[in-house]
Amino acid sequence: MEMESTPLLTPYKMGDFNLAHRVVLAPLTRCRAFGNVPQPEHMALYYRQRATPGGFLIAEACAVSESARGYPDVPGLWTHQQVEAWKPIVDAVHASGAVFFAQLWHTGRASPSEFQPNGQAPISSTDKQIPAQVNHSGDVNTFAVPRRLETEEIPHVVNDFRVAARNAIKAGFDGVEIHAANGYLFDQFMKDSTNDRDDSYGGSLENRCRFTAEVMAAVADEVGANRLGVRLSPFADYMDCHDSNPEALALHVIDETLNPLGVLYCHMVEPRMRVNPDDGIMTLEHMLLPFRRAFRGTFIANGGYDREEGNDAIARGRGYADLIAYGRIFLANPDLPMRFAKNAPLNKYDRSTFYTSDPVVGYTDYPFLDQL
């Protein structure tokens with residue numbers, strides 16, 4: 001398969017983990033964990049289909065507490081039942097020879113009251129409500145008015161992440177990724193469009209990043225920085241959450257938290273393309289290169305890459321990215337590394353089945369190359 005001629009398929013050593021290739025399964029919410037409990041019957045098959053010897057998979061986001069949920073049937077890692085249910089899924093991935101990390105998640109204000117205990121208000125850095133948003137299916141998502149966390153409550157949320165990380169290791173995961181992106185709780189603290197606090201968690205850049213720093217330190221202390229990654233999206237404006245100086249924000253997190261802790265990897269979302277209003281040309285105003293240069297560990301880029309773009313990013317070596325995380329096309333092509341090796345055509349993904357509850361359709365029924 002001429003692996004050496006395809007940069008994405010060359011080996012890479014990520015800390016203590018020897019990876020056979022650089023194609024990463026990005027964390028993808030699939031809404032098949034009924035009652036917030038992982039379902040080994042179909043989830044083990046889903047992940048095993050996408051596992052390869054020396055591959056690296058990041059599991060779908062796992063809620064760290066009952067109040068962390070924002071969507072139906074997402075898995076958790078806050079109860080003994082959830083830990084036990086994850087074990088056979090993790091075992092299936094390991095039996096295929098892959099490395100498996102759990103992503104830890106708190107949606108914060110990005111949650112309707114129906115997913116909150118007793119219908120209570122979701123917690124956040126702020127009491128500002130997210131405006132109603134139209135989703136990919138054309139439906140309108142509405143969000144509850146959040147409750148601003150009191151200063152003395154924040155250490156309890158930090159501890160939720162510590163416990164969830166401990167539970168992930170109990171379940172057999174090789175490590176954890178903190179989901180500090182996409183407009184969820186960490187972004188709500190870090191970005192100045194949403195953080196309107198006047199305590200030690202608001203105002204200055206250092207204060208706005210304090211919650212992230214405390215969680216990263218707590219989880220590193222619990223499982224080891226060599227088992228810890230983080231996902232960031234400094235340029236994104238998901239969930240009405242954006243920052244006036246995203247470059248400074250991301251560099252602060254890297255320089256003041258990730259590097260001093262020795263965090264294993266930084267997984268960053270590419271900025272979106274922008275249409276220039278003067279000439280109508282699509283342009284990319286920002287790139288991840290400054291963050292790649294600043295971070296001392298493994299750098300993972302994510303955001304609509306195809307085979308050629310991924311190869312180009314890896315071919316530039318430490319100049320841009322070490323690994324590339326693929327989402328939608330890995331969802332639709334369980335044998336994506338093989339298809340990249342053969343430069344084979346890809347299955348098209350069906351967006352309408354991304355978040356359905358069916359344990360097969362749009363989940364484990366995408367065909368492999370040798371089935372076509």
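**Two cavities, a strand and some cysteines**

Modeller: The largest cavity is lined by Ala-180, Asp-187, Met-190, Lys-191, Leu-232, Ser-233, Pro-234, Leu-249, Ala-250 and Val-253. Keep in mind that this is a predicted model.

Colleague: What makes a residue part of that lining?

Modeller: A lining residue has an atom within 4 Å of a cavity point, and Ala-180 and Val-253 are among the residues that line this one.

Colleague: And how much space lies in the largest cavity?

Modeller: About 60 Å³. The count is 2 cavities of 30 Å³ or more, and the second largest holds about 30 Å³.

Colleague: Which helix gives the largest share of the lining of the largest cavity?

Modeller: That's α7, with 3 residues. Both α4 (185-190) and α7 (246-261) supply at least two lining residues each. By class, the lining has 7 nonpolar, 1 polar and 2 charged residues.

Colleague: What lines the second largest cavity?

Modeller: His-21, Val-23, Leu-25, Arg-50, Thr-52, Gly-55, Phe-56, Leu-57 and Phe-330 do. Two or more of these come from each of β3 (23-25) and β4 (56-63). Here the classes come to 5 nonpolar, 3 polar and 1 charged.

Colleague: How do you know that β3 and β16 are paired?

Modeller: A pair needs at least two bridges, and β3 and β16 are joined by 3, running parallel. Val-24 sits opposite Ala-325 of β16. Strand β15 (residues 298-302) also pairs with β16 in the parallel sense, over 3 bridges, with Asn-302 opposite Ala-325.

Colleague: Which way do the residues of β16 point?

Modeller: In β16 (residues 323-326), Leu-323 and Ala-325 point one way, Ile-324 and Tyr-326 the other, and all are buried. That fits a general pattern: side chains in a regular strand alternate between the two faces of the sheet.

Colleague: Now the cysteines. Why is Cys-62 not in a disulfide?

Modeller: Because a disulfide needs two cysteine sulfurs within 2.5 Å, and the closest sulfur to that of Cys-62, in Cys-31, is 12 Å away, too far for a bond. Cys-209 is in no disulfide either, as the nearest cysteine sulfur, that of Cys-241, is 12 Å away. The structure holds 0 disulfides.

Colleague: Why is Cys-62 called buried?

Modeller: The cut-off is under 20% relative accessible area. Cys-62 comes in at 0%, so it is buried.

Colleague: And what makes Cys-209 buried or exposed?

Modeller: Its relative accessibility is 3%, so Cys-209 counts as buried too.

How values were computed
Residues are numbered from 1 along each chain as its sequence is written. This is a predicted model: local features need pLDDT of at least 70, side-chain atom pairs count only at pLDDT 80 or more; totals for chains, interfaces and linings use all residues. Side-chain values use heavy atoms; hydrogens and water are left out. On a 1 Å grid over the protein atoms alone, a cavity is a set of points where a 1.4 Å probe fits but cannot get out, and a pocket is an open set with protein on both sides within 12 Å along at least five of seven lines; lining residues have an atom within 4 Å of a point. Grid points are joined across faces, edges and corners, and a volume is the space filled by probe spheres set on the points. Helices (H or I, at least four residues) and strands (E, at least two) are DSSP runs, numbered from the N terminus. Ala, Val, Leu, Ile, Met, Phe, Trp, Tyr, Cys and Pro count as nonpolar, Asp, Glu, Lys and Arg as charged, and the others, Gly among them, as polar. Buried means under 20% relative accessible area, exposed over 50%, partly exposed in between (1.4 Å probe, protein chains only).
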